[in-house]
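Here is a friendly walk through one protein model, written for someone who thinks at the bench. Have the structure open beside the text and follow along from stop to stop.

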Amino acid sequence: MSIPIFSSRPPEQRKTRAVGIDLGTTNSLVAVVAEDGQPKILLGDDGQALVPSVIGFEVDGQLDVVGAEADDHLAERPDRTIYSVKRMMGRSADEVVSELGMLPYRVHRDDQSAAVRIQVGDRRYTPPELSAFVLRELKHRAEKQLGQVVDRAVITVPAYFNDAQRQATKDAGRLAGLEVLRIVNEPTAAALAYGLDRRPEGRIAVYDLGGGTFDVSILHMHAGLTEVLATSGDTHLGGDDIDQLMVASVADQIESAGLQVRGHLDRVQRLRKAMIQLKIALSSQESAAVKVELGGPLPLELAWDRADFEALIAPLVERTLGPCRQALRDAGLQPTDLDEVILVGGSTRIPLVRRKVQELFGRVPQSGIDPDQVVALGAAVQADIMTTGRRDMLLLDVTPLSLGIETVGGVVTKLIQRNSPIPASATDEFTTSVDNQTGVVLHVLQGERELVKDCRSLARFVIPVAPLPAGLPRVGVTFLIDANGILHVTGRDVRTGQEKTIEVKPSYGLCDEEVVRMLTEAYDHAEDDWAARQFIEARTEAEQVVAATEHTLAGPAGTRIDDEERDEIQSRIGSLRAAIGTRQIDPVREALSRLNDVTLHLAELALASTLNDVVHDAKLAGRIENDAPEAAERLKHGHHRPGVMGH
């Protein structure tokens, strides 16, 4: 079914509003800042604030209902009622395999991208598409309550969401017909809801245990800015995990008595809903009981007391404390250095969670605002900041200078250009320039010049990579400038998943005069810089092609060509080396083209050998279809990006 993107109302009649949205794993909410300047949750016709993040479909895969009504039908049609989509946002199918056991619907791996696809009837949906249905429901609720078009929103995400997950959230907003003004970390939004941004100075810990994720952030509020000192968490830990643990425990008992639960999707979902009711009841009562229909002659009554419940979930709660300690260490703080501790997320209503947080931080945590609503309220405050000017802006407007990394030859490859609105993010992919590198150096730079020597060094760190032939490793580099102008740089070996993140401040420490000087120099030397850069890039590509060709000639593929072809290739290699010595770009490009022409057959032979090698490499298993053509192209033409520095 089509998703409406724009209102049909003529532009001159449209009066639009920006809202704050908490897109949650279990429930979602929408809020707005009222005329009195205070944020408020927008309620549905039923008077409820929460919209269950559940989507129900018809048999043929067409959208049916969203929210509470879809949740009510979960037990009757579990295979076409989708929930907990947030845990799949921005993640590959391989990453969510461990979470699929208790889900009643079908999840597939996209053959092209390895991304998650959810099968409903004859249709397959992506997680952003499914989240867009929930966002659209919130959009409609807001428009009905406010009596005007809502087409802009601030949407919150866990602080521990990576760039891919954030991008998926933005995509969902766009599909729902919303301009996503900003993706805001949930802990920061919570701090805004409490008005902590208006205090002169303060360090706050935000403990956020939601339906699908846990994260903790240490924030420093000062001079009207919110600085994230440290964040940690677990994107596989939340209320869903508590529910699944309870279901598994009870299912074992029921099945031992002779009634099969697993394998019956409807029974599993009825039991799951009963466990959620028990969990909620035990947060305010010492004991509770619930009846559930599982197909027997009589409803099954399940009675629990809080002590048993807490004993069962204690290991999960304990898992949240490790990231808390890590965040404190990363921030260089002790619990006594904190001014406030804030609880966020419905799972923080559990008394055991509150006790453990109090014990760790040595203070009673704040929970004065409903933990289910606090994030949405803060998102509304952020939307108000960005659209009305009624509050002091907490966000820097643009990044004053470009940011990039050093690549082979002393060249700066820019990822984020100067004057980019922030928050801003950019991702690019690089490779190695030397065989069997065990690491690559990411040298982060700031400035407008083309060469490293003319720009300012901000940071340098090493990303471990698997030792492979030059050109095969893939290192993804992500730059993210958050709302405070803090640059987070993440380098990741795409094959192994190993990654490392550092935090640098791209403009702090530069006065206005330095910024002006760097811009002026860039304009004055632009032509010379560009010529130097073009030659360096051509030379780097030529040297990589020569090295790859000689390596291939010495390998199995080289034994399968005749002497005449070998002599011709070696002659063209000599010509390319001579062209490099001229320090002129045109001779290098011409010689490189001639070498590429005579190595096509060699590249085809090398491809066959590469396939055989890849099959026997456990680390590369499952990636053959993607990597084989890539390897052939690199042999023929070199990688599209010059390699990062070796280590």
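G581 is found in helix 12, which covers residues 563-581. In this predicted model, G581 has a relative accessibility of 59% and counts as exposed, because the cut-off for exposed is over 50%. Its C-alpha is 9.4 Å from that of R539, although G581 and R539 are 42 residues apart in sequence.

Now for the overall picture. The protein has 15 helices and 27 strands. Of its 647 residues, 55% are buried. Contacts across the chain are worth a look too: among those between residues at least 6 apart in sequence, 66% join residues at least 24 apart.

How many disulfides does a search of the whole structure find? The search comes back with zero. As for individual cysteines, C324 is buried at a relative accessible area of 0%, and C455 is also buried, with 14% relative accessibility.

The table gathers the accessibility of some residues discussed in this report.

| Residue | Relative accessibility | Class |
|---|---|---|
| C324 | 0% | buried |
| S131 | 5% | buried |
| E310 | 13% | buried |
| C455 | 14% | buried |
| R363 | 26% | partly exposed |
| G581 | 59% | exposed |

Let us turn to a pair of helices. Helix 7 spans residues 306-331, and helix 8 spans residues 351-361. Their axes come within 9 Å and cross at roughly 35°, and the crossing is right-handed. On the helix 7 side, the residues that meet helix 8 are R306, E310, I313, A314, V317, E318, L321, C324, R325 and L328. Their counterparts in helix 8 are P351, L352, V353, R355, K356, L360 and F361. Sorted by class, this contact has 11 nonpolar residues, six charged residues and no polar ones.

One of the charged residues there deserves a closer look. E310 lies in helix 7. Is E310 buried or exposed? E310 is buried, because its relative accessible area of 13% falls under the 20% cut-off. Setting aside neighbours within four places in sequence, E310 is in contact with P351, L352 and R355. These three also appear among the helix 8 residues that meet helix 7.

Just along the chain is R363, in the loop between helix 8 and helix 9, the latter being residues 374-387. R363 is partly exposed, with a relative accessible area of 26%. Which residues does R363 contact, leaving aside neighbours within four places in sequence? They are P335, T336, L338, D339, E340, V341 and Q358. For P335, the C-alpha to C-alpha distance to R363 is 8.6 Å, with their positions 28 residues apart in sequence.

Next come the strands. Strands 8, 9 and 10 form an open, antiparallel sheet in the order 8-9-10. Its edges are strand 8 (106-109) and strand 10 (123-125), each of which pairs on one side only. On average, neighbouring strands of this sheet are turned by 40° against each other, direction ignored. Strand 9, residues 116-120, joins strand 10 through three bridges in the antiparallel sense. Within this stretch, Q119 stands opposite R124 of strand 10.

A helix packs on this sheet: helix 2, residues 127-146, touches strand 9 and strand 10. The direction of helix 2 makes about 85° with that of strand 10. S131 lies in helix 2 and is buried, with a relative accessibility of 5%. Beyond its neighbours within four places in sequence, S131 is in contact with L23, V85, M89 and A172.

The last stop is strand 11, residues 149-157, where eight of the nine residues are buried. Strand 11 runs parallel to strand 1 (residues 16-22), and seven bridges join them. One bridge pairs D22 with T156 of strand 11. Strand 11 also pairs with strand 12 (residues 179-185), in the parallel sense, over six bridges. Here R152 has E179 of strand 12 as its bridge partner.

Key:
Residues numbered from 1 in each chain as written. Predicted model: local features only at pLDDT ≥ 70, side-chain atom pairs only at ≥ 80, totals over all residues. Heavy atoms only, no water. Disulfide = S-S within 2.5 Å. Buried < 20%, exposed > 50% of the residue type's maximum accessible area, 1.4 Å probe, protein only. Pairing = 2+ DSSP bridges. Helix = DSSP H or I, 4+ residues; strand = E, 2+ residues; numbered from the N terminus. Axes fitted to C-alpha atoms, helices over the stretch in contact; angles between N-to-C directions. Contact = heavy atoms within 4.5 Å. Left-handed = near helix turned anticlockwise from the far one by under 90°. Nonpolar A, V, L, I, M, F, W, Y, C, P; charged D, E, K, R; others polar.
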